[in-house]
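User: Hey, I've just pulled this one up and would like a quick tour. Can we start with the empty spaces inside?

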Amino acid sequence: MNPADLGLPVDVPSTALFTDHYELTMLQAALANGTADRRSVFEVFTRRLPEGRRYGVVGGTGRVLDAVENFRFDSAVLEFLRDRAVVDMRTLDWLSSYRFSGDIWGYPEGEVYFPGSPVLRVEGSFAECVLLETVILSILNHDSAIAAAASRMASAAGDRPLIEMGARRTHELAAVAASRAAYVGGFTSTSDLAAGFRYGIPTVGTSAHAFTLLHDSERDAFTAQVASLGGGTTLLVDTYDVAEAVRTAVEVAGTGLGAVRIDSGDLLLVAHRVRQQLDELGATGTKIVVTSDLDEYAIASLAAAPVDAYGVGTQLVTGSGHPTCSMVYKLVARATSADPKAPLQPVAKKSTGGKTSVGGRKWAARRRDADGVAEAEVIGTGPVPAALAGGQLLVQLVKGGEVVAREPLEAARERHREARAGLPLSATQLSRGEAVIPTEYV
């Protein structure tokens, strides 16, 4: 049985109200004046990466597909809209049979992106496409921000595993999505059981300071934990005196103790001292796990420390200072009439203030050098040059309203590993800089 098929008790029956009021009022006006059925193309992109970031990571694509499938106006939702007089009866009648029947193309989950990259392209009638704007942006902006932070942390950690521990630092449902996005970005496990249940992500955890404080002594706490969980458990050693706790831990669990966790203090200094102490006590195989408000910079600073794994919470689930990717959902082309055969006409916002966009239905390809390293993100609206045909990035996700590209989460995780490896080495630098490759329009 696939845990992802079970859902969660907190799942909502419909995603239709995960939208803004004005999406429905636009629909009402378009239905009234006959433009609702015009063939349209919307694209999701960001005009810039968060300050200092070298690349973005596409996260949440699988959740977008679920949201589109569940975008249904059931009787309870329609009653709410009617009671609030959000739209008129004609619009309510149209909504009652809403099913997205168009096509969606996009960068596959785990792929990297850059300013202007058409991360998602939604095609269909104006009416059916415009309603999806808010829920798509909500998912992609959140999950991509977490995936990008996770990717930077994974780069800094190297081969050392990362544990996602941020559930208590964010909204309970956002925590599940964050665990999923972190796994795509390179984390190996989560403390959040809901994420394990929903997405099959490995879950880990042993004890907190409360368990030690519950007992009359640290020795009693360690003895109880080892008796219950075995000598391979991880003992938290910074409740009182670290050196004394390490000594007690080895005495209780033996030299086969699985790991000790350090959650406070000067982690670099304490990790070295604990490693030396463990080795002197004969616990040479006991691992050291560090937590305590880590981010990618703190992880990088511990690269030379005898640390075996990291647990990250607050900074991860808040995007390490950048909780959104500033992605937008813009109409880039629409038919000149409701006639299905009417040609598409490029459209674009031309206002000042840095919010301009490029019209036209776009393709995207990544140009690589002779060694296979990415050197440019190429975006165009005409025919794809033959030299770039093999490097196209968009894949079809939904065809005629049916999802055609659902995949295991492991596939997105592996894709990201490969995509990041295909970037220039400077992509992994934590120092501030511009996008690691330029965006070119042809």
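User: By class, how many nonpolar, polar and charged residues are in the lining of the largest cavity?

Analyst: Keep in mind that this is a predicted model. The lining has 7 nonpolar residues, 4 polar ones and 1 charged one.

User: Which residues line the largest cavity?

Analyst: They are Leu49, Pro50, Arg53, Tyr55, Gly56, Tyr113, Ser144, Ala145, Ala148, His322, Thr324 and Cys325. Helix 6, residues 133-157, gives the most to that lining, with 3 residues.

User: What volume does the largest cavity have?

Analyst: About 60 Å³.

User: And how many cavities of 30 Å³ or more are there?

Analyst: The count comes to 2. The second largest cavity holds about 30 Å³ of space.

User: What lines the second largest cavity?

Analyst: Arg53, Arg54, Tyr55, Ala148 and Arg152 do. By class, that lining has 2 nonpolar and 3 charged residues, with no polar ones. Arg53, Tyr55 and Ala148 also appear in the lining of the largest cavity.

User: OK, on to pockets. How much space lies in the second largest pocket?

Analyst: About 800 Å³. Its lining is made up of 29 residues, and those nearest the centre of the pocket are Met165, Ser191, Ser207, Arg261 and Thr291.

User: Which elements give two or more residues to the lining of that pocket?

Analyst: Strand 9 (259-262), strand 10 (287-290) and strand 11 (309-312). Strand 11 has the largest share, 3 residues.

User: What's the mix by class in the lining of the second largest pocket?

Analyst: You get 11 nonpolar, 11 polar and 7 charged residues.

User: Since strands came up, what order do they take in the open sheet?

Analyst: The sheet has 6 strands in the order 7-6-11-10-9-8, and the pairing is parallel.

User: Why is one side of strand 7 and of strand 8 left without a neighbour in the sheet?

Analyst: Strand 7 (189-190) and strand 8 (234-236) stand at the edges, and each has a single partner strand, so one side of each has no neighbour there.

User: Back to strand 10 and strand 11: how many bridges do they pair over?

Analyst: They pair over 2 bridges, in the parallel sense.

User: Which residue in strand 11 is the bridge partner of valine 289?

Analyst: That's alanine 309. Strand 11 is also the strand that gives 3 residues to the lining of the second largest pocket.

Terms used:
Residues are numbered from 1 along each chain as its sequence is written. This is a predicted model: local features need pLDDT of at least 70, side-chain atom pairs count only at pLDDT 80 or more; totals for chains, interfaces and linings use all residues. Side-chain values use heavy atoms; hydrogens and water are left out. On a 1 Å grid over the protein atoms alone, a cavity is a set of points where a 1.4 Å probe fits but cannot get out, and a pocket is an open set with protein on both sides within 12 Å along at least five of seven lines; lining residues have an atom within 4 Å of a point. Grid points are joined across faces, edges and corners, and a volume is the space filled by probe spheres set on the points. Helices (H or I, at least four residues) and strands (E, at least two) are DSSP runs, numbered from the N terminus. Ala, Val, Leu, Ile, Met, Phe, Trp, Tyr, Cys and Pro count as nonpolar, Asp, Glu, Lys and Arg as charged, and the others, Gly among them, as polar. Two strands pair if DSSP finds at least two bridges between them.
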